[in-house]
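The exercises below are to be worked with the sequence and the coordinates at hand. Each task is followed by a solution that proceeds step by step.

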Amino acid sequence: MGLFRKGAEAEAPDGADFLESIPRRVVTLWIPLVLFLVVLLFPFYWMGITAFKSNEELYNYTDFSPFWVVHPTLDNIHRLLFRTSYPQWLLNTMLVSVVSTFLSLFCAVCAAYAIERLRFKGARYVGLAIFLAYLVPPSILFIPLASMVFAYGLFDTKWALILTYPTFLIPFCTWLLMGYFRSIPFELEECALIDGASRLQILVKILLPLAVPGLISAGIFAFTLSWNEFIYALTFIQSSEQKTVPVGVVTELVEGDVYHWGALMAGALLGSLPVAILYSFFVEHYVASMTGAVKE
Amino acid sequence: MGAFMFVDTKTQRRASARAAPGPRRFRLGESRGAMGLLFMLPAAAVLLLFLAYPLGLGVWLGMTDTRVGRAGQYIGIENYEMLWTDSVFWTSVFNTLLYTVVASIAKFALGLWLALLLNRHLPFKAFLRAIVLLPWIVPTALSAIAFWWIYDSQFSIISWSLTRLGLIEHNINFLGDPAWARASVIIANVWRGIPFVAITLLAGLQTIPPSLYEAATIDGATPWQRFRYVTFPMLTPIIAVVMTFSVLFTFTDFQLIYVLTRGGPLNATHLMATLSFQRAIPGGNLGEGAAIAVTMIPFLLSAILFSYFGLQRRRWQHGGND
């Protein structure tokens with residue numbers, strides 16, 4: 001699928017589009033589209049603008065229009081970076097996400113190759129089982145996992161997260177890579193086999209270089225999913241120094257009944273930036289693989 | 001695919017018969033079963049240990065009175081008997097179903113609409129598609145915080161705008177009033193889910209050949225007829241997949257509720273996932289929490305089976321032949 005997906009998008013989707021008059025087009029296309037965009041993007045705008053407001057502006061809607069910031073300030077960000085453990089949370093999230101992503105990619109490449117190309121006995125059922133594994137939601141696993149994490153002495157360590165995140169990353173990556181491997185012609189592999197290459201050589205020297213786009217999308221997806229993970233990090237981590245960004249912002253930035261909205265918004269903004277930037281670099285991969293993974 | 005498999009098997013057999021034997025450590029390669037096992041090992045180890053085992057352990061914990069830091073004893077179905085008479089549990093079941101049904105329908109309708117809009121001739125198409133996905137990329141816990149501020153009881157921007165427009169006189173207590181709280185969390189969930197549905201359906205729309213629309217237009221089909229008799233039937237398989245995922249993720253949602261309301265006010269927004277967390281972790285009652293989690297499984301299974309059989313019948317639409 002992956003290799004041939006690009007071509008279809010270039011074609012004109014609606015053959016009769018030119019028959020439409022301009023006023024009709026404004027009403028049926030532009031007005032709803034702009035409304036959608038405003039609604040979908042407003043929370044980000046609101047997040048961004050609140051992060052740069054000073055406290056007197058933040059709570060004073062009579063003298064300042066809430067939709068704009070008159071005197072932008074970096075106080076909130078300063079407070080976040082120097083008076084909370086936020087940098088530590090960023091570092092933790094980065095570490096946990098990177099390690100679990102690479103761990104999952106390794107497992108997923110091997111598994112996808114075995115299922116899709118070695119076609120050992122029962123490979124189809126293993127493939128189905130992997131897909132079903134992806135459908136097992138973390139919200140029914142976190143309690144037994146918590147008791148395991150406790151029993152193995154992993155509670156409140158990054159290992160608890162690094163080892164549990166692959167449970168949802170591996171099935172997803174495997175499923176995605178299976179699709180990619182399927183799109184690579186068998187003939188290449190057969191040629192290599194005839195030339196005397198071993199299975200491992202085929203995988204490393206032929207299949208993987210061709211599957212780089214798939215590896216990149218699987219990697220970005222895995223990274224984003226681990227960055228966004230919440231329930232495991234909330235359950236398995238207790239001390240502030242070990243927390244990840246989403247959990248840290250939610251649990252540590254609210255002191256009693258005092259909500260530091262500016263700092264909260266700054267935390268949400270900074271925590272969203274890494275995935276947003278990563279995403280913007282690889283957006284085409286992302287969209288293609290997201291739709292591809294579902295289409296299989 | 002069957003034909004390919006056949007070719008592969010034959011070629012491989014031939015290859016292993018003729019090719020010079022590789023280095024000793026790859027002898028295994030001659031048996032595909034052993035080879036497959038070896039390659040499956042890392043993934044299987046992680047998934048069996050941290051997914052299959054905890055799944056079984058969860059069912060077991062649901063039949064014990066385990067508490068945090070104390071191993072429990074087998075108590076049979078006592079936890080479930082307790083839940084049966086627990087009105088909070090039934091409220092959470094009702095909430096979860098309401099949340100899932102309303103949010104999924106809204107996500108589907110709005111997502112399909114957005115996909116249809118994005119499928120038309122547009123300038124900056126790639127850019128629009130990219131920014132539409134943003135709500136789905138950003139960590140839910142963090143965007144939920146933005147919604148928390150938008151729904152603030154005193155400084156809500158929605159209340160302020162509506163007051164300025166003269167539509168309301170008092171601030172709406174978005175997260176403090178049960179009915180409003182339900183609506184608010186559903187809206188936040190829909191906001192986050194629309195991009196996923198829209199972009200996936202958009203990909204499905206792009207696989208529909210334009211010639212079908214041209215033919216329908218020449219035959220005098222109205223836009224609605226084109227949608228009803230061309231777009232929709234061609235799109236059903238992908239709709240089934242997307243909606244299964246959407247229903248599954250909505251049903252088991254946790255973070256949005258945890259951040260916005262923690263189940264309040266008066267348990268009006270407690271989902272089964274949040275209730276199970278509350279009983280198990282802060283409440284320390286692991287057994288009871290696990291039992292609540294287990295009660296989610298039948299719902300999930302029926303959702304999966306429903307879409308699986310929905311998919312089976314329609315494979316021809318995707319160009320397949322089985």
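**Exercise 1. Positive phi in chain A**

In which loop of chain A does Asp156(A) lie? Determine also its phi and its degree of exposure, and then treat Arg119(A) in the same way.

Solution. The model is a predicted one. Step 1: Asp156(A) is located in the loop that joins helix H7 (138-151) to helix H8 (158-164) of chain A. Step 2: its phi is positive, at about 65°, although Asp156(A) is not a glycine. Step 3: Asp156(A) has 16 C-beta neighbours inside 10 Å. A residue is buried at 20 or more such neighbours and exposed at 12 or fewer, so Asp156(A) counts as partly exposed.

Step 4: Arg119(A) occupies the loop between helix H5 (86-118) and helix H6 (123-134) of chain A. Step 5: the phi of Arg119(A), a residue other than glycine, is positive and near 45°. Step 6: Arg119(A) counts as partly exposed because it has 17 C-beta neighbours inside 10 Å.

**Exercise 2. Composition of the two chains**

For chain A and chain B, state the secondary structure, the buried fraction and the share of long-range contacts.

Solution. Step 1: chain A comprises 16 helices and 2 strands. Chain B has 14 helices and 0 strands, and its pattern along the sequence is accordingly written as α-α-α-α-α-α-α-α-α-α-α-α-α-α. Step 2: in chain A, 46% of the 296 residues count as buried; in chain B, 41% of the 322 residues do. Step 3: consider the contacts with a sequence separation of 6 or more. In chain A, 78% of these contacts are between residues 24 or more positions apart. In chain B, the corresponding figure is 67%.

**Exercise 3. Annotated spans in chain A**

Which residues of chain A does UniProt list under "transmembrane region"? Describe the conformation of two of these spans.

Solution. Step 1: the unreviewed UniProt entry lists residues 27-46, 89-114, 126-153, 159-181, 202-225 and 258-282 of chain A under that heading. Step 2: residues 27-46 of chain A are 100% helix and 0% strand, and the C-alpha atoms at the ends are 27 Å apart. Step 3: residues 89-114 of chain A are likewise 100% helix and 0% strand, with 37 Å between the end C-alpha atoms.

**Exercise 4. A helix pair within chain A**

Characterise the packing of helix H12 (residues 212-228) and helix H15 (residues 261-281) of chain A.

Solution. Step 1: two packed helices are described by the angle between their axes and the distance between the axes. Step 2: for H12(A) and H15(A) the angle is about 165° and the axes are 10 Å apart. Step 3: angles over 145 degrees count as roughly antiparallel, and H12(A) and H15(A) are therefore roughly antiparallel to each other. Step 4: the crossing of H12(A) with H15(A) is left-handed. Step 5: H12(A) contributes Ile220(A), Phe223(A), Thr224(A) and Trp227(A) to the contact, and H15(A) contributes Pro274(A), Val275(A) and Leu278(A). Step 6: by class, these comprise 6 nonpolar, 1 polar and no charged residues.

**Exercise 5. The contact between the chains**

Describe the contact of chain A with chain B, including one helix pair that spans it.

Solution. Step 1: chain B supplies 89 residues and chain A supplies 86 residues. Step 2: on the side of chain B, helix H2 (residues 32-61) of chain B provides the largest share, 17 residues. Step 3: that side of chain B has 64 nonpolar, 20 polar and 5 charged residues.

Step 4: helix H2 (residues 22-51) of chain A packs against helix H4 (residues 87-118) of chain B at about 125°, with the axes 10 Å apart. H2(A) and H4(B) are therefore oblique to each other, and their crossing is left-handed. Step 5: the contacting residues are Leu29(A), Pro32(A), Leu33(A) and Phe36(A) of H2(A), together with Trp113(B), Leu114(B) and Leu117(B) of H4(B). Step 6: this contact has 7 nonpolar, no polar and no charged residues.

**Exercise 6. The surroundings of Ser143(B)**

Is Ser143(B) buried or exposed, and which residues does Ser143(B) touch?

Solution. Step 1: Ser143(B) belongs to helix H7 (residues 140-150) of chain B. Step 2: Ser143(B) is buried, because 26 other C-beta atoms lie within 10 Å. Step 3: not counting residues up to four places away in sequence, Ser143(B) touches Pro43(A), Pro135(B), Val138(B) and Arg192(B). Step 4: Ser143(B) and Leu205(B), 62 residues apart in sequence, are 29 Å apart in space, C-alpha to C-alpha.

Notes: Residues are numbered from 1 along each chain as its sequence is written. Chains are lettered from A and ligands numbered from 1 in the order in which they are written. This is a predicted model: local features need pLDDT of at least 70, side-chain atom pairs count only at pLDDT 80 or more; totals for chains, interfaces and linings use all residues. Two residues are in contact if their C-beta atoms, placed from the backbone, lie within 7 Å. Helices (H or I, at least four residues) and strands (E, at least two) are DSSP runs, numbered from the N terminus. Ala, Val, Leu, Ile, Met, Phe, Trp, Tyr, Cys and Pro count as nonpolar, Asp, Glu, Lys and Arg as charged, and the others, Gly among them, as polar. Axes are lines fitted to C-alpha atoms, for helices over the stretch in contact, and angles run from 0 to 180 degrees between N-to-C directions. Angles under 35 degrees count as roughly parallel, over 145 as roughly antiparallel, 65 to 115 as roughly perpendicular and the rest as oblique. A crossing is left-handed if the near helix is turned anticlockwise from the far one by less than a right angle, and right-handed if clockwise. UniProt positions are given in the numbering used here, feature names are shortened, and annotations may be inferred rather than shown by experiment.
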